[in-house]
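Me: Please take a close look at a single part of this model. I would like one strand described together with its partners, followed by the pocket beside which one of those partners is found.

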Amino acid sequence: IRVKDELMFYVPNAFTPNGDEFNNVFVPQFGTGFSPNDYAFYIYNRWGEIVFESHDLSVGWDGTYNGNPAPDGAYSWGMTLAQNDDVEHPNSKKLYNGSMMLLR
């Protein structure tokens, strides 16, 4: 019997990069079932411009764009992941997306 890891991750729907000790960085939280080598994470503003990009699981968005604080409001995120044990499609990546709020 082969046991396959279930792909598990959580992406918050808001964050508050206001300098206190809570929620200053927007970063997905990961459990199991994915390949960290095939990770990409993007944040888009309402005009579809990429304001943040990361290929490192430990690096999240601090709420800045071009060195300045990004405006409060709604942003979209996109993430590509490859599942560890996808035997049928071993090199396939899946796209996940959603929205979030930046609040100061």
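Reply: Strands here are DSSP runs of E with at least two residues, numbered from the N terminus. The model is a predicted one, and the part chosen is strand 4, which spans residues 40–44.

Strand 4 is mostly covered, with four of its five residues buried; buried means under 20% relative accessible area. Strand 4 pairs with two other strands. With strand 8, residues 73–81, it runs antiparallel and is joined by five bridges. In that pairing, Ile43 has Trp77 of strand 8 opposite it. With strand 5, residues 50–54, strand 4 is again antiparallel, here through four bridges, and Ser54 of strand 5 stands opposite Phe41. Five residues lie between strand 4 and strand 5 in their hairpin, where Gly48 adopts a positive phi near 85 degrees.

Strand 8 leads on to the largest pocket, since its three residues are the greatest contribution to the lining. The space in this pocket is about 170 Å³. Its lining includes Gly73, Ala74 and Tyr75, together with Ala70, Pro71 and Asp72. Asn45, Arg46 and Trp47 also line the largest pocket, as do Val51 and Tyr65. By class, seven of the lining residues are nonpolar, two are polar and two are charged.

Strand 8 is thus the link in this description: it is joined to strand 4 by five bridges, and it gives the most to the lining of the largest pocket.

Terms used:
Residues numbered from 1 in each chain as written. Predicted model: local features only at pLDDT ≥ 70, side-chain atom pairs only at ≥ 80, totals over all residues. Heavy atoms only, no water. Buried < 20%, exposed > 50% of the residue type's maximum accessible area, 1.4 Å probe, protein only. Pairing = 2+ DSSP bridges. 1 Å grid on protein atoms, 1.4 Å probe; cavity = no way out; pocket = protein on both sides within 12 Å on 5 of 7 lines; lining within 4 Å. Points joined across faces, edges and corners; volume = space filled by probe spheres on them. Nonpolar A, V, L, I, M, F, W, Y, C, P; charged D, E, K, R; others polar.
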